[in-house]
Amino acid sequence: MTAGDSLETMAAGGDPDSQFQLGVQYLYGTGDTPKDASKAAEWFRKAMESGHVPAIREYGILVASSEGVEADPEEGARILGRAADELDPSAMYHLGLMYEKGIGVPVDMQKAVRLLAYAAMMGYPGADIDAQRIDDILTEERNRRLKSRPVIKLMLSDVDVEAACCPRMLDDLLAQRTVFTESEEGPALLGDDAQGFEAVFHACPYCGAPIQIVPRDKQYFG
Ligand SMILES: [Zn+2]
């Protein structure tokens, strides 16, 4: 009996790790195993039924990319979400990119950058570069938004700063000296106080305007 045979035997016997390993062999075509994406998908699906997280992730990727299985990006995103909920860095990475491109899920750059940043924090290679790339896009969008809106009220949505209250706050926000943060009491700002210590603001330290929470993408004109 060869090593390959024993893996087959254990996989057929219902061992999730062996099912996953066999799926990987079929996915890449390693050793004596021919490359066969539909067989890979079959073994990943079997291991997935036992809650094997890497198998859930690999099956989700195959379903999302319609490799070896019928194309179903929405189902793929849902399956990848299960593995991402288990903090699988690769699942977070792939799901993050799907949120960026709107594959199987609505485009959501905020969700994308969060997932990619988590994946990067957990050491997934390349995730830091993608997280930074999307963060740059979001920063550019935020700055354009802040400059286009009346500088009258300090407005935050649940994910970002939406409008500034006074020219000094606008400057700080554009320079990212003051940034959006989530505090225990909800959305807030993080910046330096008058003594130069990092502090969480619930009102503007310059003009005293209180933070107002507004829906994301609120319409300001028309
Ligand atoms: Zn202000």
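This is a short talk on the domains, helix packing and a few single residues of one protein chain.

Good morning, everyone. I should say at the start that what we have is a predicted model, and I will keep to what can be read from it. Let me begin with the overall layout. The domain assignment divides the protein chain into domain 1, covering 3-134, and domain 2, covering 149-213, and the C-alpha centres of these two domains lie 39 Å apart.

Most of my time goes to the helices, so a word on how to describe them. A pair of packed helices is described by the angle between their axes together with the distance between those axes. Let us take the pairs in order along the chain.

We start with helix H5, residues 73-85, and helix H6, residues 89-101, which pack with their axes 8 Å apart and at an angle of about 140 degrees. Because angles count as roughly antiparallel when they are over 145 degrees, H5 and H6 are classed as oblique to each other. The contact involves Pro-73, Ala-77, Leu-80, Gly-81, Ala-83 and Ala-84 on the H5 side, and Ala-91, Met-92, His-94, Leu-95 and Met-98 on the H6 side. As for handedness, H5 passes H6 in a left-handed crossing.

Moving on, H6 also packs against H7, with an angle of about 160 degrees and axes 8 Å apart, and this makes H6 roughly antiparallel to H7. The crossing of H6 and H7 is left-handed. From H6, the residues that meet H7 include Pro-89, Met-92, Tyr-93 and Leu-95, and among their counterparts in H7 are Met-109, Lys-111, Ala-112 and Leu-115. You may notice that Met-92 and Leu-95 were also named in the contact with H5, and that they appear again in the contact with H7.

The next pair is helix H7, residues 109-121, with helix H8, residues 127-148, whose axes come within 8 Å and cross at roughly 150 degrees. At that angle, H7 is roughly antiparallel to H8, and H7 passes H8 in a left-handed crossing. On H7 the contact includes Met-109, Gln-110, Ala-112 and Val-113, and on H8 it includes Ala-127, Asp-128, Asp-130 and Ala-131.

Now let me go back towards the start of the chain, to helix H3, residues 37-49, where Trp-43 is found. Is Trp-43 buried or exposed? Its relative accessibility is 12%, and because buried means under 20%, Trp-43 counts as buried. Leaving aside the neighbours within four places in sequence, Trp-43 is in contact with Ala-11, Ala-12, Gln-19, Leu-22, Gly-23 and Tyr-26. Glu-42 lies in helix H3 as well, but Glu-42 is partly exposed, with a relative accessible area of 40%. Gln-19, which I just named as a contact of Trp-43, is 23 residues from Glu-42 in sequence, with 9.1 Å between the C-alpha atoms of the two. For a view across the model, the C-alpha atoms of Trp-43 and Pro-205 are separated by 58 Å, with their positions 162 residues apart along the chain.

Two loop residues deserve a comment on backbone geometry. Most residues other than glycine have a negative phi. Ser-66, in the loop between helix H4 (53-65) and H5, has a positive phi of about 50 degrees although it is not a glycine, and Ser-66 is partly exposed, at 37% relative accessible area. Leu-87, placed in the loop between H5 and H6, is likewise not a glycine and has a positive phi of about 65 degrees.

I will finish with the strand and cysteine residues later in the chain. Leu-189 sits in strand E4, residues 186-192, and is buried, with a relative accessible area of 0%. Its C-alpha lies 8.8 Å from that of Ile-211, although Leu-189 and Ile-211 are 22 residues apart in sequence. Which of Cys-204 and Cys-207 is buried, and which is partly exposed? Cys-204 counts as buried at 5% relative accessibility, whereas Cys-207, at 42%, counts as partly exposed. And how many disulfides does the structure hold? The number of disulfides is zero.

That is where I will stop, and I am happy to go back to any of these places on the screen.

How values were computed
Residues are numbered from 1 along each chain as its sequence is written. This is a predicted model: local features need pLDDT of at least 70, side-chain atom pairs count only at pLDDT 80 or more; totals for chains, interfaces and linings use all residues. Side-chain values use heavy atoms; hydrogens and water are left out. Domain bounds come from an automatic or database domain assignment. A disulfide is a pair of cysteine sulfur atoms within 2.5 Å. Buried means under 20% relative accessible area, exposed over 50%, partly exposed in between (1.4 Å probe, protein chains only). Axes are lines fitted to C-alpha atoms, for helices over the stretch in contact, and angles run from 0 to 180 degrees between N-to-C directions. Helices (H or I, at least four residues) and strands (E, at least two) are DSSP runs, numbered from the N terminus. Angles under 35 degrees count as roughly parallel, over 145 as roughly antiparallel, 65 to 115 as roughly perpendicular and the rest as oblique. A crossing is left-handed if the near helix is turned anticlockwise from the far one by less than a right angle, and right-handed if clockwise. Contact means heavy atoms within 4.5 Å.
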